[in-house]
Amino acid sequence: MSTKIALISDSHSYIDHKTLQYLESVDEIWHAGDIGALEVMEQLPEGKKVRAVYGNIDDVDCRARYPEWDAFEVEGVKVLMTHIGGKPPRYAKGVLPRIKAEMPQVFICGHSHICKVELDQKLNCLYMNPGAIGQQGFHQMRTMLLFELSDGKIKNLQVVELGRRGR
């Protein structure tokens, strides 16, 4: 058995029909912060497990509903997620000690609007940033990640391009 995951971030109060179509085909939706408005989360397909963290632009309502950090395990894969994480080997302040303490197999963040997946060999941890699904920011292409978790492994990882920002 495997669990299908959609990883999104930096919606900045925006989610479109194309993104929602991809979210229909997964079991869980993970949002790595900068939600913007809770209405975005209310538009997510029903019946999906949703995991999210708040980001730096999120208001008190988002911060009341979602944590700054989330550590969890799915299909034998230990995950640590926050919004501002930096990137290997230059993590944001306070992130490296947290990764070392939690020892996740996967570290997820957003914030940069740059889609990037990279194995941090020093930490033996997969870094994942899905980019941004929203229209706000300097990114050119709106992106998200789809993958499956099964037997302690990530499988069938793909980057989904959702279209150019501003179109």
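**Exercise 1. How exposed is C115: buried, partly exposed or exposed?**

Solution. Keep in mind that you're looking at a predicted model.
- Start with the number: C115 has a relative accessible area of 28%.
- Now the cut-offs: buried means under 20%, and exposed means over 50%.
- C115 therefore counts as partly exposed.

**Exercise 2. How many disulfides does the structure hold? Work through C109 and C115.**

Solution.
- A quick reminder helps here: a disulfide is a covalent bond between the sulfur atoms of two cysteines.
- For a pair to count, the two sulfur atoms have to lie within 2.5 Å.
- Take C109. The nearest cysteine sulfur belongs to C125 and is 10 Å away, and C109 is in no disulfide.
- Next, C115. Here the nearest cysteine sulfur is that of C109, 11 Å away, and C115 is in no disulfide either.
- The total for the structure is zero disulfides.
- While you're there, check the surroundings of C109: with a relative accessible area of 0%, C109 is buried.

**Exercise 3. Find the sheet that contains strand 4. What is the strand order, and which strands are at the edges?**

Solution.
- Trace the strands across: the order is 4-5-8-10-9, which makes an open sheet of five strands with mixed pairing.
- Look at the two ends. Strand 4 (69–74) and strand 9 (115–120) are the edge strands, and each pairs on one side only.
- How much are neighbours turned against each other? On average by 20 degrees, direction ignored.
- Zoom in on strand 4 and strand 5 (residues 77–82): they're antiparallel, with six bridges.
- For one of the residue pairs, pick F72, whose bridge partner in strand 5 is V79.
- Finally, see what lies against the sheet. Helix 4 (residues 95–102) packs on it, touching strand 4, strand 5 and strand 8 (106–108). The direction of helix 4 makes about 160 degrees with that of strand 5.

**Exercise 4. Now try the sheet with strand 3. Which strands stand at its edges?**

Solution.
- Get the order down: 3-2-1-11-12, an open sheet of five strands, again with mixed pairing.
- Strand 3 (49–52) and strand 12 (153–164) each have a single partner strand, so they stand at the edges, with one side lacking a neighbour in the sheet.
- In this sheet, neighbouring strands are turned by 20 degrees on average, direction ignored.
- Follow strand 2 (residues 28–31) next to strand 3: the two pair in the parallel sense, over four bridges.
- To spot a residue pair, find H31; A52 in strand 3 stands opposite.

Methods
Residues numbered from 1 in each chain as written. Predicted model: local features only at pLDDT ≥ 70, side-chain atom pairs only at ≥ 80, totals over all residues. Heavy atoms only, no water. Buried < 20%, exposed > 50% of the residue type's maximum accessible area, 1.4 Å probe, protein only. Pairing = 2+ DSSP bridges. Axes fitted to C-alpha atoms, helices over the stretch in contact; angles between N-to-C directions. Contact = heavy atoms within 4.5 Å.
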